[in-house]
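Subject: Structure for you to look through

Dear colleague,

I am handing over a structure that I would like you to look through at your own pace. My notes on what was found follow below it, and I suggest keeping the view open while you read them.

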Amino acid sequence: ATALAGCRDSFSDRDLPTPAPTETGAPDGTIEVRLPYAAPLMSTPTTLRALTPADECAIDATRSRLFVFKSDGKLLYEAPITSVSPDGTEKGKYDKGIVTAFLKEGEDLKLALYANLDPEQMKTPVTDMSREAISKLFTFDLVTKTPTRLPMWGELKVDKVSHTLADAGDNAVQTITGPIKMLRSVARIDVGLNLSGTALDEKSSTLTGPIFDAKQGAYVQATYKIKSIRVFNASDRGQVSPLDASYNADDGKVTALSLPEGVKAATTTPTFTSKEGTGSLLREIYLPETDNPGPGDETSPDEKTLPEDKKKHLDRPYLILELTNDKESKSHFFRLDFLKYSDKVSGDKSIEEQTDAKVTYSYLPLLRNFRYKINITKIGGPGFDSIEDAQMGSAADIQYNVFVISEDDLGEVMYDGKYTLSVTEKEFSVGKYG
């Protein structure tokens, strides 16, 4: 499996990629072809440990494979890649470039590019296999720290490859009309306090919240900062390419999960520490696709919750947020879930009218090529004193928004610690805490 983290071959520990060996002239029976590609680009400020926008979009030619199929999905051959050249001609444009490879003449073709694979998978034999069977060959491991290269995949239909379409000259090159639209194989998780600004200039700040001061015998306002984020129950592996049933090839959008066979929740707990003073973790947490199943009537566990519901609560993917403040030396812990309120709530209906009996949740799976931005907007209390208590408890004393961002506009979800609303362009003012 492609190791994004440090347990085996670590992308984060390797040097930056070097170009693939370049051959002089096309081998007999092939044509040098230039294939434009476009990688997903999400620009936000970075810290020293975070990926840059260029890193997120980079393709390592020495760790990538290009397969050529007939339109019916039958594998014809693997085309050797000679180089990958990012555009880079315009400042801030990291998402486009050219893949150069040698292709044979043919018509009605489909090309599949697997980018940033594990070195061992560069040697994986691929023979007379279907597209679906090939897609299951290439997987990667859960990240445990920020990587430097991310697995990606993309396809492109090509009407014709022919010498007659190549440029004139001794080194004739055919430029394919594209681009190959690459999908990042991981979900990106960003967490910040009071995030503001546009996606191109997001900034995080501190938040204040009440704590009880024993000396003063009263509540005082403390200024909080993020210390760390712990990830629980993410998938232990991911699949580089989506399954046909989970991907709309016509518009290039992911529609459902594509999980490797035998995938399970990871037993490790990746921990990401916030850089001092940033108050955020942006472009640092990347996870394989992870299921987040129902039931829709599950609520945070309390004394009325059945034991099996508590187990489901602990088994689903979630984050534990660790906060510190300027009034105490200890940490405070909060659980953050990927969920939304499942019933429709009218914009003019008071949230206080919703009773506990009416509160039902639907949970958000972590999909590839999506960004999940968790913006913590209010701290209403101290949370929990330990990770274990926060795991079992609800997300009381905290209010946050979950923005789900992709090429497809899925809108926004707002969670206030007890109630969750589906939001499109406006925010609801919610002041009730669990």
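**A pair of strands to begin with**

Glu 155 stands opposite Lys 181, which belongs to strand S11. That one pair is part of a longer arrangement, since S9 and S11 pair in the antiparallel sense over four bridges. Before going further, please keep in mind that this is a predicted model, and that everything I describe was computed from it.

**The protein as a whole**

The protein contains four helices and 27 strands. Of its 434 residues, 53% are buried, and the surface that the protein exposes comes to about 19,600 Å², of which carbon and sulfur atoms supply 49%. If you take the contacts between residues at least 6 apart in sequence, 73% of them join residues at least 24 apart.

**Strand S2 and its partners**

A good place to continue is strand S2, which covers residues 30–38 and is largely enclosed by the rest of the structure, because seven of its nine residues are buried. Which strands does S2 pair with, and in which sense, parallel or antiparallel? With strand S6 (residues 96–104), S2 pairs in the antiparallel sense over nine bridges, and within that pairing you can find Ile 31 opposite Leu 103 of S6. With strand S10 (residues 173–175), S2 pairs in the parallel sense over three bridges, and here Val 33 has Gln 174 as its bridge partner. S2 also runs parallel to S11, to which two bridges join it: Tyr 37 has Ile 180 as its bridge partner in S11, and Ala 38 has Lys 181.

Strand S11 therefore deserves its own look, as it is mostly covered, with four of its five residues buried, which here means under 20% relative accessible area. Lys 181 of S11 is the bridge partner of Ala 38, and it also stands opposite Glu 155, so if you select Lys 181 in the viewer you can follow both pairings from one residue.

**The second largest pocket**

Where do S9 and S11 turn up again? Both strands, S9 (152–161) and S11 (180–184), give two or more residues to the lining of the second largest pocket. The largest share of that lining, three residues, comes from S9. The space in this pocket is about 220 Å³. Rolling a probe the size of a water molecule over the atoms shows where empty space is left.

The residues that line the second largest pocket are Lys 110, Glu 155, Leu 156, Lys 157, Pro 179, Ile 180, Lys 181, Tyr 247, Ala 249, Asp 250, Asp 251 and Gly 252. Sorted by class, the lining has five nonpolar, one polar and six charged residues. Several of these residues will be familiar by now, including Glu 155 and Lys 181, which stand opposite each other, and Ile 180, the bridge partner of Tyr 37.

Pro 179, another residue of the lining, is found in the loop between S10 and S11. The peptide bond that leads from Gly 178 to Pro 179 is cis, with omega near 5°.

**Strand S7 and the residue after it**

Strand S7 (residues 106–115) holds Asp 108, whose phi is near 55°, a positive value in a residue other than glycine. Is Asp 108 buried or partly exposed? Asp 108 is partly exposed, because its relative accessible area is 42%.

Asn 116, in the loop between S7 and helix H2 (131–135), also has a positive phi, near 60°, and is likewise a residue other than glycine. Asn 116, however, is buried, with a relative accessible area of 0%.

Ala 115 lies in strand S7, and at 0% relative accessibility it counts as buried. What is Ala 115 in contact with, leaving aside its neighbours within four places in sequence? Its contacts are Ile 59, Arg 63, Ser 64, Leu 150, Pro 151, Met 152 and Met 182. The C-alpha atoms of Ala 115 and Val 240 are separated by 8.5 Å, although the two residues are 125 residues apart along the chain.

With best wishes

Methods
Residues numbered from 1 in each chain as written. Predicted model: local features only at pLDDT ≥ 70, side-chain atom pairs only at ≥ 80, totals over all residues. Heavy atoms only, no water. 1 Å grid on protein atoms, 1.4 Å probe; cavity = no way out; pocket = protein on both sides within 12 Å on 5 of 7 lines; lining within 4 Å. Points joined across faces, edges and corners; volume = space filled by probe spheres on them. Nonpolar A, V, L, I, M, F, W, Y, C, P; charged D, E, K, R; others polar. Buried < 20%, exposed > 50% of the residue type's maximum accessible area, 1.4 Å probe, protein only. Contact = heavy atoms within 4.5 Å. Areas by Shrake-Rupley, 256 points an atom, 1.4 Å probe, with all protein chains shown as cover.
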